[in-house]
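Q: Could we go through the charged side chains and a pair of helices in this one?

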Amino acid sequence: MASKNISREKIISAFLFCAFDKNVGSTSLQDIAEYLGIKKASLYNHFSGRDEMYDATLAYCRDYLENLSFIPENFLKLDIFRTKTLCEVLNTLIRRYIQIYETEPMFQIYAFVHSEQYFNKIAADIADAEYAKLEYGLSRILLIYCNDKKAGLSPAELDSAIKWYTSALLQQLDAYIMHKKEIVRQNPECGAGSLFALPTDDAALEKIYFLSDYYINSLFKL
């Protein structure tokens, strides 16, 4: 087998792809070596074993997700809040947020972290940090509308309402991503390399918008 220049990051990426295709528990070092086109023994030049590789993959996911933001840079400086309703603004941000997760390697990272959060504390902490970041982003948007009296909710009521909405939104995101994951797993021809050219599922997004509008109208008494 020809010698290849394999880095730790390439191995981690391969682990993510293999775990996406099979699931984390079923992914072996042999699977990763075959994916990379190298001998299994070559993996030991970078990792002492599967456990170290697993931990490094979690660290990679954590670091990657730290750069993800629900609100784009400079978004709060736009005049969009003067002309758009709260539901319209949130739906714009929801679409962007979901589309971020449809890109490589976010798709695999999401599947990896959210499948492992029930078995590994570090994965659970990463998922919790994602929740906290989304909650913080939503609070910044919703507070604008509360302060402008565009939402019938006092600042004192805001915290619990945001927690409800954040949980509901993440539940919808999880369902959307997992549904697309199954489409890919059942149709290998649209897997890695072409999956990410697939369009966003607008029909599914419309359902998320509908539920988002329902929550907002209910929680914020619009």
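Q: Before anything else, D79 forms a salt bridge with which residue, and how far apart are the closest N and O atoms?
A: In this predicted model, D79 pairs with R82 in a salt bridge, and the closest N and O atoms are 3.6 Å apart.

Q: And are those two buried or exposed?
A: Both of them, D79 and R82, are exposed.

Q: How many salt bridges does the count come to?
A: The count comes to 9 salt bridges, and one of them joins the side chains of R62 and D63, with an N to O distance of 3.3 Å.

Q: How do R62 and D63 class, buried, partly exposed or exposed?
A: R62 has a relative accessible area of 37% and D63 has 38% relative accessibility; buried would need a value under 20% and exposed a value over 50%, so each of the two counts as partly exposed.

Q: What about K163, which side chain does it meet in a salt bridge?
A: The side chain of K163 meets that of D159, at 3.1 Å from N to O, and a network of salt bridges links these two residues with E135.

Q: Where do K163 and D159 lie?
A: Both sit in helix α8, which covers residues 155–186, and they are 4 residues apart, about one turn of the helix.

Q: Why does that spacing suit a pairing of side chains on one helix?
A: An α-helix has 3.6 residues a turn, so residues three or four places apart point the same way. As for accessibility, K163 is partly exposed with a relative accessible area of 35%, and D159 is partly exposed with 44%.

Q: Switching to α7, how does its span compare with what its residues should give?
A: Helix α7 runs over residues 121–147, and at 1.5 Å a residue its 27 residues should span 39 Å; the C-alpha atoms at its ends are 38 Å apart, which agrees.

Q: What happens at the start of α7?
A: There, a side-chain oxygen of N120 comes to within 2.8 Å of the backbone nitrogen of I122.

Q: At what angle do α6 and α7 pack?
A: Helix α6, residues 106–116, packs with α7 at an angle of about 115 degrees, the axes being 8 Å apart, and the crossing in which α6 passes α7 is left-handed.

Q: Which residues meet there?
A: On the α6 side they are Y110, V113, H114 and E116, and these meet A123, I126, A127 and E130 in α7.

Methods: Residues are numbered from 1 along each chain as its sequence is written. This is a predicted model: local features need pLDDT of at least 70, side-chain atom pairs count only at pLDDT 80 or more; totals for chains, interfaces and linings use all residues. Side-chain values use heavy atoms; hydrogens and water are left out. A salt bridge is a side-chain nitrogen of Lys or Arg within 4 Å of a carboxyl oxygen of Asp or Glu. Buried means under 20% relative accessible area, exposed over 50%, partly exposed in between (1.4 Å probe, protein chains only). Helices (H or I, at least four residues) and strands (E, at least two) are DSSP runs, numbered from the N terminus. The expected span of a helix is 1.5 Å times one less than its number of residues. A polar contact is a pair of N or O atoms within 3.5 Å; within protein, one must be able to donate a hydrogen and the other to accept it, and residues adjacent in sequence count only if both atoms are side-chain atoms. Axes are lines fitted to C-alpha atoms, for helices over the stretch in contact, and angles run from 0 to 180 degrees between N-to-C directions. A crossing is left-handed if the near helix is turned anticlockwise from the far one by less than a right angle, and right-handed if clockwise. Contact means heavy atoms within 4.5 Å.
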